[in-house]
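Reader: I would like to learn how to read a ligand site and some unusual backbone features. Could you take me through one example?

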Amino acid sequence: MLNRNPRIAALKAGYLFPEIARRRREFAASHPEDAARPETRIISLGVGNTTEPILPVINEGLVDGARRLARAETYTGYSDEGLAELREGISKTFYGGAFSAGEIFISDGAKCDIGRLQLLFGAGTRAAVQDPSYPVYVDGSVLIGAAGASVSDEGYAGISYLPCTAENAYFPDLDPLPPNALLYFCSPNNPTGAAADKAQLGLLVQTALKKGALIIYDAAYAEYIRDGALPKTIFEIPGAEECAVEVNSFSKPAGFTGVRLGWTVVPKALKYAGGESVNADWHRVTGTIFNGASNIAQSGGLAALTPGGLREIRELCDFYLGNARLIRGALEKLGIVCVGGDNSPYIWARFPGRDSWDVFAEILEKCRVVTTPGSGFGPSGRSFIRFSAFGHRADVEEAAGRLAKLG
Ligand code: PL4
């Protein structure tokens, strides 16, 4: 028999979201009478999974993509880095045309590309993350051997955790960033909901350039930004093209969590320490282990970039932001201190002195509402709960009402 990959053995427990699903199932199984009664039916404000239908213009793009496959004249097969029209459209729509099609790679989602990007750097890479952060950054780093094997409540040895707390307004002190690190940065942030401003991103880029860091900038929630002064992409900051790649996605703005479509910008100006092109290596890696996004999904993506599609993106994000206001309002009525929900679909709620898994269990028990415990995102999340604003409005209203039971 083969030996198990020791890097998998180094991962702590299960991946966060299946663990939450497991605890939900366990709770439901021990309360079988609950499901039949509307007032005790479990409502999820846990995983950030979209719930609302894809809106008509974008949906018609998907349908048209499927129709085109049924005719010899319009049939297409593999599309490798993605349709040129879509890559050009993304550059024009989100980056003011600053990038060529050869710098934009269409993917099957931001998470999948984060995993593939990690292959560019490999074992021994020094990884740094905002703490708290989306667990894929750390778990993926462990899988490629970037982190040390030992793990404790303080996280993995070998990963630099940059605390994002109320004290620093959820933007980390960058002084402890080690030299030549791979830095994951997400804004608007999952889970805190904080969106970095131009000055903060300017400092991030300057620090990365000074310390030789490469930033993987996750902008999956950029379309939730409503404050016009906040940057929607790291590439609004001069110099970013020399130190950053950006991953993004149609999942959260267009409801494509199940459709699967995203993109990654890898500027040609970005180089390794030895001067080699990161863009060329990314071509090599994706060409080797990825066969392109679905052409149906890409047809939907093209529709999303039309004026009607962009209006639908705004409408859908506004809907979830409306949910966020309801949840945050209900929590603040109880005196619970929250951030987020204004430029992001997540609310980060503070429960001082408490362990987040205990608070998770209490909210499930008293309110029959599933949340995400902050410690799942890193040591600094220990006394926080993340509330996701993805849900049907009636469910969110019901959940917000039930939260009063925490008072
Ligand atoms: C549950 C910061 C959600 N099973 O859909 P993708 O791959 O384009 O984007 C995934 C993604 C990328 N970047 C950030 C994200 O927050 C997400 C999705 N996160 C959440 O609740 O935190 C869904 C999680 C999913 C997963 O593990 O990704």
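**Reading the ligand site**

Author: Domain 1 (14-54 + 309-406) and domain 2 (57-306) both contribute residues to the shell around the ligand, so the ligand lies between them; the domain bounds come from an automatic or database domain assignment. This is a predicted model, in which local features need pLDDT of at least 70 and side-chain atom pairs count only at pLDDT 80 or more, while totals for chains, interfaces and linings use all residues. Residues are numbered from 1 along each chain as its sequence is written, and side-chain values use heavy atoms, with hydrogens and water left out.

Reader: How many residues surround the ligand, and which are the closest?

Author: A residue is near a molecule if one of its heavy atoms lies within 4 Å of it. Here 20 residues surround the ligand, and the closest are Tyr-15, Gly-48, Tyr-134, Tyr-221 and Ser-249. The shell divides into ten nonpolar, five polar and five charged residues, where Ala, Val, Leu, Ile, Met, Phe, Trp, Tyr, Cys and Pro count as nonpolar, Asp, Glu, Lys and Arg as charged, and the others, Gly among them, as polar.

Reader: Which side chains have a polar atom close to an oxygen atom of the ligand?

Author: A polar contact is a pair of N or O atoms within 3.5 Å. An N or O atom in the side chain of Tyr-134 is 2.2 Å from a ligand oxygen, a polar side-chain atom of Ser-249 lies 2.6 Å from an oxygen atom of the ligand, and for Arg-260 the corresponding distance is 2.8 Å. Of the 610 Å² of accessible area that the ligand has on its own, the protein covers 88%, with areas taken from the Shrake-Rupley method with a 1.4 Å probe.

Reader: Which backbone features should I look at next?

Author: Most residues other than glycine have a negative phi, and most peptide bonds are trans. The peptide bond from Ser-187 to Pro-188 is cis, with omega near -10°, and the one from Asn-190 to Pro-191 is cis too, with omega near 15°. Pro-188 is placed in the loop between β7 (181-186) and α7 (198-211), and Pro-191 likewise belongs to the loop between β7 and α7; helices (H or I, at least four residues) and strands (E, at least two) are DSSP runs, numbered from the N terminus.

Notes: Polar contact = N/O pair within 3.5 Å; in protein donor to acceptor, adjacent residues only side chain to side chain.
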